[in-house]
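Student: I should like a close look at one loop, followed by an account of how its surroundings fit into the rest of the structure. Please define each term with its cut-offs as it arises.

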Amino acid sequence: MSLFVRYAEPWIVLPESRYDISDRKIDKYMDEDFSLYMRVKIFPDRMIPNEEGFAFARSGKHSGISFVKFIDQNENEIITLMFTYWFKDSTFVQITKNLTREEANEFVEIAVINDDLNKKSFSLYVNGEHIDTKEYHNEKQLYKFGEMGGGGFYQFGNGNFEVPSIAMYLECEFDMIFLFKKELSYEEIIGLSENYKNYLEPFLEELVVLNKDFPHRKDLAFFLDFKNKNRYKVWELSHNGNYLSKANLENLFF
Amino acid sequence: MAEKYKMDLEKQNPLYVGIKNELDSVGPGMCLAKWTQVTLSLQIGHNHSCHHPRTHAISTAEIARNPSALHNTRYKKLRRKEMLQGTRPEECDYCWGVEDNSDLFSDRIFKSSEDWSRPYMQEIKALDWRDDYNPKYVEVAFSNACNFKCSYCSPAYSSQWMEEIQEHGAYPTLDRFNDLQYLVDEHKMPLKHSELNPYTEAFWKWWPDLYKDLNTFRITGGEPLLSKDTWGVLDYIIENPNPNRELKLAINSNLGAPDALIDKLIEKIKKIEDGNRVKQLVIFTSVDTWGEQAEYIRHGLEFNRFWDNVNKIMSQCPRVIITFMSTYNALSLFNYNKLIKEVYNLKDMYGSYDRYWNSAVFLDSSYLRYPNHQTVQVLPYEFSKKILEQTKLITYYAIPLFDPKYIGFSDIEVQKLKRIHDWMIAPQDPTKQMKNRHGFYQFFSEHDKRRGTNFAKTFPELEEFYNFCGTIKI
């Protein structure tokens, strides 16, 4: 089971629920240390050449994971995966990885680890390969999620759906994604992606939640395996109340 | 009212500000509901206009001369006089409390803004206080005949409860729950079903005149399907050559009546739907959780038959709406999530543009306030997490916009459940809570004795708490 996100039909997690039902306010979960994991598939044949599109982004100058298909003068195709993170002073860190056509036609496994507390670094892993670790200057501050107008979103299949001219839509399919407010080792992240089912307990018939023994549970923003979803929401395994929802400009705060 | 806040309100709620100004131009106590709305309890001969003031007795002498005195009682006319002459009726103190102690609008503004009130503002302002006035929103209980005796109900609304209390007396809680003496003192003893009911008689004399301009008519009870007067109303609407097609008709039912009556209801609904004889038809039913635990709370309920009846009505009546009035109480907690899921499935299965409302079914979750011993506030704090989980679940099934093209829970359905959680965790007086816990054990242990039920077996999640309550000495 997966979630297929159509072009220009994005999905979002709204961290600040208007019903105030969330145990954890996750709008600042990428401000400091974090660990992000996803398995996402893009569709190169349907990508618009030279147009960047975001699989996952947080509010704030398109920080997140994006893809672009370049076609050069000789009609050669280059498909690039980019991790970008913007800082408050409008500088940014970017790590890129070119994908082969074979890689781009399958689910791509991506992990980003941010050590903000000690090393001030981002590390990107793609399909088990450590792509790069880039450090940033101590004085730089991460762009605070909560300081963005309208509050913070985690956006899927776009960079900023509220402003169509810079929405940077991407047709893509998600198989798994989770986010921790904590720096985890790469091995630990992969271990959780493979073993999370050992920590599931039934909640209501077909629905399940991660039990209290799931490692770092209190630092988990969301864990989506896409096994359960209804027409507008994806069931979230931490049962934190921060659901991935179909985006609708008419009512951002549903 | 703080000037800044007042300005905010004016900006945000021009309708309510306008209504308030219009009402206040008559006097600070003016409220249209005193004319436009009435709840009639014909089994006890009482009424009130607006649910906040206590009910008052209807004079049999008055209705003998003038059947509209079911609503236009002398008592009420004196309250209208106070309103028209610029004073605040004492019985409406709920609203005065809100207005004097906060910046919020009180219910007199909201009730006067309804579509059954607001259009009549000018004609009501021009009335003399002695004038009769036909209400536009009428709720009526014809009888207390009921086949259920829900744990939080009372003999005034259930003949089954009446029989039990007459046989065994009040429950041994500190407040002597359901003691008939209270009904005697308040003049609220229901008339016997075998007796001629002068209030019902007056209703039928008044009905042809009342019906033609009604906005909303809601039949409550007792169980309305057990009352011949309910069928009389439905037949009147079906057979009337000039039906009031603007009428919003609502019928309460526990949907636990014999099959023949459910089938009869469906037959009548179909005729009303097919003839386009009302603006909308809504059935209000009640269930407070799922399965066996729901059966315990609402004694007499056969859950599976109830759910079958819901499906039967929804599948056979393509326009009707069913609202589940859920009185969320201490016993609702453990299976309410199943109710949420199954109501969602009903919305999914029966959602249609043909329905009168945007959703085929609604889950209206309200918290039980009385009896105190059964509210969620008697439970230990940690149980509140269950309600929070349920709020997350209902949010998972919520819709982006309240529109028939979406299937799921509306904003209000989510918010009402969240409100129960917030109410449960609100600070409480520990002494009162201890008394209520004492009452919890006293009531349900007596309930098991009288009705042959088994609390601990039905609610294993509460067994430890129940036993603890049994140790409390007052």
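Tutor: G222(B) lies in the loop between β6 and α12 (228-239) of chain B; here helices are DSSP runs of H or I with at least four residues, strands are DSSP runs of E with at least two, and both are numbered from the N terminus. The model is a predicted one, in which local features need pLDDT of at least 70 and side-chain atom pairs count only at pLDDT 80 or more, while totals for chains, interfaces and linings use all residues. Residues are numbered from 1 along each chain as its sequence is written, and chains are lettered from A and ligands numbered from 1 in the order of writing.

The loop holds a cis peptide bond between G221(B) and G222(B), with omega at about 10 degrees. Another cis bond joins Y370(B) to P371(B), where omega is about 5 degrees; P371(B) sits in the loop between β11 and α17 of chain B. A further backbone feature is the phi of N178(B), near 65 degrees and thus positive in a residue other than glycine. N178(B) belongs to the loop between α9 (159-168) and α10 (180-185) of chain B. As background, most residues other than glycine have a negative phi, and most peptide bonds are trans.

Strand β6, from which the G222(B) loop leads to α12 of chain B, spans residues 216-220 and pairs in the parallel sense with β7 (residues 248-252) of chain B over four bridges. Two strands count as paired if DSSP finds at least two bridges between them. Within this pair, R218(B) stands opposite A250(B) of β7(B). Both strands belong to an open sheet of nine strands in chain B, ordered β3-β2-β1-β4-β6-β7-β8-β10-β11, with mixed pairing. Its edges are β3 (56-57) and β11 (361-367) of chain B, each of which pairs on one side only.

At the β11(B) end of that order, α16(B) lies across β10 (321-328) and β11 of chain B and runs at about 155 degrees to β11(B). Axes are lines fitted to C-alpha atoms, for helices over the stretch in contact, and angles run from 0 to 180 degrees between N-to-C directions. The axis of α16(B) also comes within 10 Å of that of α17(B), and the two cross at roughly 10 degrees. The two helices are therefore roughly parallel to each other (under 35 degrees is roughly parallel, over 145 roughly antiparallel, 65 to 115 roughly perpendicular and the rest oblique). Their contact is formed by Y336(B), N337(B) and I340(B) from α16(B), with Q390(B), L393(B) and I394(B) from α17(B). These residues comprise four nonpolar, two polar and no charged. Ala, Val, Leu, Ile, Met, Phe, Trp, Tyr, Cys and Pro count as nonpolar, Asp, Glu, Lys and Arg as charged, and the others, Gly among them, as polar.

The two helices also take part in the interface between the chains. In total, 20 residues of chain B are in contact with 17 residues of chain A, contact meaning that the C-beta atoms, placed from the backbone, lie within 7 Å. On the chain B side, the elements giving two or more residues are α16 (336-350), α17 (384-396) and α18 (411-424). Of these, α17(B) gives the most, with seven residues. That side of chain B has 10 nonpolar, five polar and five charged residues.

Chain B is divided into domain 1 (15-135) and domain 2 (149-470), the bounds coming from an automatic or database domain assignment. Their C-alpha centres lie 27 Å apart. Between them, 15 residues of domain 1 are in contact with 20 residues of domain 2 of chain B. The domain 1 side has eight nonpolar, six polar and one charged residues.

Across the interface, the secondary structure of chain A comes to two helices and 17 strands. Its radius of gyration is 17 Å, close to the 18 Å that the globule rule gives for 254 residues, so chain A is as compact as a globular protein of that length (the radius is taken over C-alpha atoms, and the rule is 2.2 Å times the number of residues to the power 0.38). Eight of the strands of chain A form an open antiparallel sheet in the order β7-β6-β5-β4-β11-β2-β17-β16. The edge strands of this sheet are β7 (92-99) and β16 (233-234) of chain A.
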